[in-house]
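I open this notebook to record, one entry at a time, what I looked up in the structure shown below.

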Amino acid sequence: QPGQEGNAALQQASFDCNQAGSIPQYLICHDPDLAASDRSLADLVQQARAAAQDQTAFGDRIRKQWNYREKNCKDKACLTSWYAYETGVLTKITQTGDATAQ
């Protein structure tokens with residue numbers, strides 16, 4: 001189909017890769033490992049949100065962490081470690097309900 005060639009490399013992420021507006025989003029959309037991490041983290045965010053006792057604190061934390069990623073991660077290594085860290089924290093929140101877990 002004409003005009004579709006440019007989208008061939010796009011991965012399925014938790015957001016619309018056609019709307020990727022930052023370096024981290026671009027990297028995630030073009031890397032199968034990062035895209036898979038993004039999808040699994042999105043599932044974990046939902047589980048942690050359901051478990052969090054303080055929804056305001058949880059929302060603030062997610063926003064701060066996302067802003068950190070958007071501002072600071074310019075390569076795969078940074079994103080890989082960010083996903084690993086977030087997975088650990090969100091798993092703890094899911095288990096404890098504590099939105100301030102470290």
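**Entry 1, a starting residue.** I began with Gly-21, which I found in the segment before helix 1. I noted that the model is a predicted one, and I keep that in mind for every value below. Is Gly-21 buried or exposed? Its relative accessibility is 70%, and since the cut-off for exposed is over 50%, Gly-21 counts as exposed. I also looked up its separation from Ala-35, and the two C-alpha atoms are 15 Å apart in space, while the residues are 14 apart in sequence.

**Entry 2, the chain as a whole.** I then stepped back to the overall make-up of the protein chain, where I counted four helices and zero strands, so that the order of elements from the N terminus reads α-α-α-α. The C-alpha trace spans about 50 × 25 × 20 Å along its principal axes. Of the 102 residues, 32% count as buried. I also looked at contacts between residues at least 6 apart in sequence, and 57% of these join residues at least 24 apart.

**Entry 3, the disulfides.** How many disulfides does a search of the whole structure find? The search gives two, and with the bonded cysteines numbered in sequence order the pairing is 1-2, 3-4. I reminded myself that a disulfide is a covalent bond between the sulfur atoms of two cysteines.

The pair I took up first here is Cys-17 and Cys-29, whose sulfur atoms lie 1.9 Å apart, and the link is left-handed, with -90 degrees about the S-S bond. Cys-17 lies in the segment before helix 1 (23-29) and Cys-29 in helix 1, so this disulfide ties together parts that are 12 residues apart in sequence. Cys-17 counts as buried at 11% relative accessibility, and Cys-29 counts as buried at 1%.

I turned next to Cys-73 and Cys-78, which form a disulfide with their sulfur atoms 2.1 Å apart. This link is left-handed, with -65 degrees about the S-S bond, and Cys-73 is buried, with a relative accessible area of 0%.

**Entry 4, helix 2 against helix 4.** At what angle do helix 2 and helix 4 pack? I read an angle of about 25 degrees between helix 2 (residues 32-51) and helix 4 (residues 76-96), whose axes are 9 Å apart. Because angles under 35 degrees count as roughly parallel, helix 2 is described as roughly parallel to helix 4. The crossing of these two helices is left-handed. On the side of helix 2 the contact includes Leu-34, Leu-41, Leu-44 and Val-45, and on the side of helix 4 it includes Leu-79, Trp-82, Tyr-83 and Leu-90. By class, the residues of this contact divide into 11 nonpolar, six polar and four charged.

**Entry 5, helix 2 against helix 3.** My last look was at helix 2 and helix 3 (residues 55-72), whose axes come within 11 Å and cross at roughly 160 degrees. Since angles over 145 degrees count as roughly antiparallel, helix 2 is roughly antiparallel to helix 3, and helix 2 passes helix 3 in a right-handed crossing. Which residues meet here? I listed Asp-38, Val-45, Ala-48 and Arg-49 in helix 2, which meet Gln-55, Phe-58, Ile-62 and Arg-69 in helix 3. This contact has four nonpolar, one polar and three charged residues.

How values were computed. Residues are numbered from 1 along each chain as its sequence is written. This is a predicted model: local features need pLDDT of at least 70, side-chain atom pairs count only at pLDDT 80 or more; totals for chains, interfaces and linings use all residues. Side-chain values use heavy atoms; hydrogens and water are left out. Axes are lines fitted to C-alpha atoms, for helices over the stretch in contact, and angles run from 0 to 180 degrees between N-to-C directions. Angles under 35 degrees count as roughly parallel, over 145 as roughly antiparallel, 65 to 115 as roughly perpendicular and the rest as oblique. A crossing is left-handed if the near helix is turned anticlockwise from the far one by less than a right angle, and right-handed if clockwise. Contact means heavy atoms within 4.5 Å. Ala, Val, Leu, Ile, Met, Phe, Trp, Tyr, Cys and Pro count as nonpolar, Asp, Glu, Lys and Arg as charged, and the others, Gly among them, as polar. A disulfide is a pair of cysteine sulfur atoms within 2.5 Å. Buried means under 20% relative accessible area, exposed over 50%, partly exposed in between (1.4 Å probe, protein chains only).
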